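Hello,

Here is the structure I promised to pass on to you. Please have a look at it first, and then read on for my notes.

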There are 2 protein chains.
Amino acid sequence: MPRARLTPLSVTEAGAALIDEIGFANLSMGLLAERLGVKTPALYKHVTSQADLAHRIAVRAMAEFADAIRDAIQGRAGSDALAAGAQAMRTYVREHPGQYAAADAASRPTGPDDPIIPAVERVVASWAAMLRGYHLDSSQEIHALRMLRSVLHGFSTLEAAGGFQIDAPVDDSFTWMVNFLDRGLRDIPTGSAPVS
Amino acid sequence: MPRARLTPLSVTEAGAALIDEIGFANLSMGLLAERLGVKTPALYKHVTSQADLAHRIAVRAMAEFADAIRDAIQGRAGSDALAAGAQAMRTYVREHPGQYAAADAASRPTGPDDPIIPAVERVVASWAAMLRGYHLDSSQEIHALRMLRSVLHGFSTLEAAGGFQIDAPVDDSFTWMVNFLDRGLRDIPTGSAPVS
DNA sequence: CCTGTAAGTTAATGGCGTTAACCAGCTGTG
DNA sequence: CACAGCTGGTTAACGCCATTAACTTACAGG
């Protein structure tokens, strides 16, 4: 019987493809083994557990996600950078819902040398670079960053989950929302935010 | 041996309490049975499956969530209503992370008579009533609603998951974000949204 | 060639959700 | 007050899944 020649990397990649098809919650060792033409226990020669597999998928996904955001923002500024970055995020989540869910679930690092940390930092750095085009007060940057992350994460995951039921084009809502954010960011009162 | 006198309702309520303690993904029939002082199969006399239990928890949670939003908005208008509603949502998710996750997972109805439908509709109606205070163009209401839902859902779930790592007060970011939204909503260009 | 190791295999364990078969406590009737 | 039946519990058993152990065999280096 010929060998399958698996590696941690090839197992992770196959897992990443599978998780997008069946959903994060439905990932199972048996399904992945079948997909790779191998019996379930063989996977444990390359991956220590299902949690380890999920984490490897998450790291890989976060890195690809960071690349996508960086590439979209690259060479643009201000409104253009915001629109391109937001669209890149939405596209990534739509095309890789399982991997995004895995990355999201693993985004709290398990330790100080968790390889997801640099990947997360690259994402944050891209959003921060994009926001720099709006010349915000430094005390407000973190708030704007958190808002941006919240709104894009919320929209993308709700869309991927089929959460927008009403019959109105989701594309239009997304464009409207990005324009709303752009307008608000271009017209921020200076000084620290007034607390109600 | 005395009987436990369980009902579908009491099982659902115990499940709701448990899911907030251990998290949506960790809910198990065995754990809930133990919590109720009963053997696992006893639960199946009141609930047809774990999926059924999760769905009942979700319906209950969505209804309580709808109440919380309605009560917060009640008697307020404009900025006050937005701030109160947003805070109510954030508080609900923080206090009931498991139930919110269950409600979120079940928010796509399984059929036309799924009891989650009216609960979801009440939530939407509250947000729509709140937005009415901003006198938006009717063509833009749905977009504003989706944005609001996205941003509050995103912020709340990220916060509940411990996603805001940087050392800056999350309360301040939330207030800043709500103010940002309020400013933007009070100053919306009329006519249909410009599409880039 | 041939030997050792690493990548597969089959077999076994334990935890879960679920179902079947059984039994006992409450309830409503004579 | 008895007792019959339903209803809400029990124990036992099944199948699926993650994981581990014990084994075997393909292949790489000497």
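**Charges over rings**

Let me begin with one detail in chain A: Arg90(A) is placed over the face of Phe174(A), with 4.8 Å to the ring centre. Chain B has an arrangement of this kind too, where the charged end of Arg90(B) lies over the ring of Phe174(B), 4.7 Å from its centre. Please keep in mind as you read that this is a predicted model.

**Aromatic rings**

Over all chains, the whole structure holds 11 aromatic pairs. Some of the rings join up into a cluster: Trp176(A), Phe180(A), Trp176(B) and Phe180(B) are linked by ring pairs. That cluster takes rings from chain A and from chain B, which brings me to the place where the two chains meet.

**Where chains A and B meet**

Each chain brings 44 residues to the contact. About 3800 Å² of area is buried between chain B and chain A, and carbon and sulfur atoms give 66% of it. Which three residues of chain B supply more of the area it buries against chain A than any other three? They are Arg146(B), Trp176(B) and Phe180(B), with 21% of that area. Two of these names, Trp176(B) and Phe180(B), will be familiar from the ring cluster.

What about polar links between the chains? There are 12 residue pairs in polar contact between chain B and chain A, counting pairs with both residues at pLDDT 80 or more. Salt bridges across this interface number zero.

**DNA strand C**

Now to the DNA. Around DNA strand C there are 21 residues, and the closest are Arg3(A), Lys45(A), His46(A), Tyr44(B) and Gln50(B). Of the strand's atoms that come within 4 Å of the protein, 55% are accounted for by sugar and phosphate. By class, the residues of the surface near this strand are nine nonpolar, six polar and six charged.

A few individual contacts are worth finding on your screen:

- Lys45(A) has a side-chain N or O atom 2.5 Å from a base oxygen of DNA strand C.
- Arg3(B) places a polar side-chain atom 3.1 Å from a base nitrogen of DNA strand C.
- Leu6(A) has a polar backbone atom 2.9 Å from a phosphate oxygen of DNA strand C.

**DNA strand D**

DNA strand D has 21 residues around it, of which Tyr44(A), Gln50(A), Arg5(B), Lys45(B) and His46(B) come nearest. Sugar or phosphate makes up 58% of the atoms of DNA strand D within 4 Å of the protein, while the rest belong to bases. The surface near DNA strand D divides into nine nonpolar, six polar and six charged residues.

Here are three backbone contacts to phosphate oxygens of DNA strand D:

- The distance is 2.8 Å for a polar backbone atom of Arg5(B).
- For Lys39(B), a polar backbone atom is at 2.9 Å.
- Gly30(A) has a polar backbone atom at 3.4 Å.

Enjoy exploring, and best wishes!

Note on methods:
Residues are numbered from 1 along each chain as its sequence is written. Chains are lettered from A and ligands numbered from 1 in the order in which they are written. This is a predicted model: local features need pLDDT of at least 70, side-chain atom pairs count only at pLDDT 80 or more; totals for chains, interfaces and linings use all residues. Side-chain values use heavy atoms; hydrogens and water are left out. A residue is near a molecule or strand if one of its heavy atoms lies within 4 Å of it. A polar contact is a pair of N or O atoms within 3.5 Å; within protein, one must be able to donate a hydrogen and the other to accept it, and residues adjacent in sequence count only if both atoms are side-chain atoms. Ala, Val, Leu, Ile, Met, Phe, Trp, Tyr, Cys and Pro count as nonpolar, Asp, Glu, Lys and Arg as charged, and the others, Gly among them, as polar. Rings of Phe, Tyr and Trp (its six-membered ring) pair if their centres lie within 6.5 Å; planes under 30 degrees apart count as stacked, over 60 as edge-to-face and the rest as tilted. A charge sits over a ring if NZ of Lys or CZ of Arg is within 6 Å of the ring centre and within 35 degrees of the ring normal. Contact means heavy atoms within 4.5 Å. Buried area is the accessible area (1.4 Å probe) that two parts lose on being put together, summed over both. A salt bridge is a side-chain nitrogen of Lys or Arg within 4 Å of a carboxyl oxygen of Asp or Glu.
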